[in-house]
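Reader: I have not looked at this protein before. Please take me through it in questions and answers.

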Amino acid sequence: MLEVIGAGFGRTGTHSLYLALNKLGSYKTHHMVELLGDPTQDPSVWSHAYDRPNSPDTDWERVYGNYTAAVDFPTCTFYKELSEVYPDTKIILTVRSAESWYKSMSNTIFKNIKARKAAMKKGAVFEGHAGEVMKMMGKTAMGGTFFGDPAKLDDAEAVMKIFNDHIEEVKRTIPAERLLVLELGSGWEPLCNFLGKPIPDEEYPRSNSSDEFHTVSRNALEKGTPNSSTVMLHSENH
């Protein structure tokens with residue numbers, strides 16, 4: 001059962017948080033790399049939740065039952081509903097400046113979205129588990145606003161507004177006693193104090209920089225659905 005929920009968008013230090021929570025010893029953490037790398041994870045659960053918010057038919061335990069924490073996309077999209085389904089969870093909102101976040105997204109996720117759309121126009125088909133995950137993400141992440149028209153990703157002001165609006169919504173929605181706003185680069189202390197855990201005798205993980213992003217994504221995709229992911233990754237790198 002979930003004990004910790006990450007409400008921050010991807011590219012706000014969520015992969016480092018994923019590693020940090022796992023290092024604390026008492027957490028098994030869900031992240032996009034877990035979803036991509038595990039064909040038994042069913043993306044339709046998140047699609048169903050998006051189409052039918054707060055539906056009692058959404059089987060959250062089907063995707064989170066083996067985890068005690070969850071961060072990154074797609075979890076952050078559903079933080080509010082999950083915080084109600086799991087009322088004893090603590091919520092972590094990872095943040096950074098909108099400008100630095102947009103730059104990081106442009107160099108990683110947005111670049112991949114544009115590459116996939118371009119490849120699809122040339123007849124590429126993304127099948128299998130990875131393809132289903134990407135379809136779900138295109139529908140649910142950031143309201144699906146930009147995934148239908150990649151050109152909109154170039155509207156920095158509009159994209160950063162979505163980012164900032166999400167941060168403010170989380171702060172309004174989650175009671176202060178359940179919420180940690182975790183600035184990128186804050187290290188162990190605020191996280192461990194919030195969770196009541198001892199500070200590990202090692203540096204806080206720093207991973208998945210823009211340069212590392214494609215390697216992390218490639219490894220997750222090849223673990224999950226190697227045949228379909230090969231097509232996707234070739235498209236992304238062109």
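**Helix α9 and the salt bridges**

Author: On the other side of α9 from its buried residues, Glu-157, Lys-161 and Arg-172 are exposed. The model discussed here is predicted.

Reader: Which residues of α9 are buried?

Author: An α-helix has 3.6 residues a turn, so residues three or four places apart point the same way. The buried residues of α9 are Val-159, Met-160, Phe-163, His-166, Ile-167 and Val-170. They lie on the same side of α9, because the arc they cover around the axis is only 115°.

Reader: What covers the buried residues of α9?

Author: The cover comes from both helices and strands. It includes the strands β4 (90-95) and β5 (179-183), along with the helices α5 (79-85), α6 (98-107) and α7 (109-121).

Reader: How far apart are the end C-alpha atoms of helix α9?

Author: Helix α9 runs over residues 156-173, which makes 18 residues. At 1.5 Å a residue, the expected span is 26 Å. The distance between the end C-alpha atoms agrees with this, at 26 Å.

Reader: Which residue forms a salt bridge with Asp-165, and is that residue buried or exposed?

Author: Side chains of opposite charge can pair when their charged atoms come close. Asp-165 is partly exposed, at 37% relative accessibility, and the closest N and O atoms of its salt bridge are 2.7 Å apart. The two residues are 4 apart in helix α9, so about one helical turn separates them. The partner is Lys-161, which counts as exposed at 52% relative accessibility.

Reader: Which parts does the salt bridge between Asp-42 and Arg-62 tie together?

Author: The closest N and O atoms of this pair are 2.8 Å apart. Asp-42 is buried, because its relative accessible area of 18% is under 20%. The pair joins parts that are 20 residues apart in sequence: the loop between α2 (32-37) and α3 (44-51), which holds Asp-42, and, on the side of Arg-62, helix α4 (residues 61-64).

Reader: Which residue forms a salt bridge with Arg-52?

Author: Arg-52 is partly exposed, with a relative accessible area of 41%. The closest N and O atoms of the pair are 3.4 Å apart, and the partner is Asp-57.

Reader: How many salt bridges does the structure hold?

Author: Those of Asp-165, Asp-42 and Arg-52 are among them. The total for the structure is 8.

Reader: What percentage of the residues of the protein chain count as buried?

Author: The protein chain has 12 helices and 5 strands. Of its 238 residues, the buried share is 52%.

Methods. Residues numbered from 1 in each chain as written. Predicted model: local features only at pLDDT ≥ 70, side-chain atom pairs only at ≥ 80, totals over all residues. Heavy atoms only, no water. Buried < 20%, exposed > 50% of the residue type's maximum accessible area, 1.4 Å probe, protein only. Expected span 1.5 Å × (residues − 1). Arc of directions from axis to C-beta. Contact = heavy atoms within 4.5 Å. Salt bridge = Lys/Arg side-chain N within 4 Å of Asp/Glu carboxyl O.
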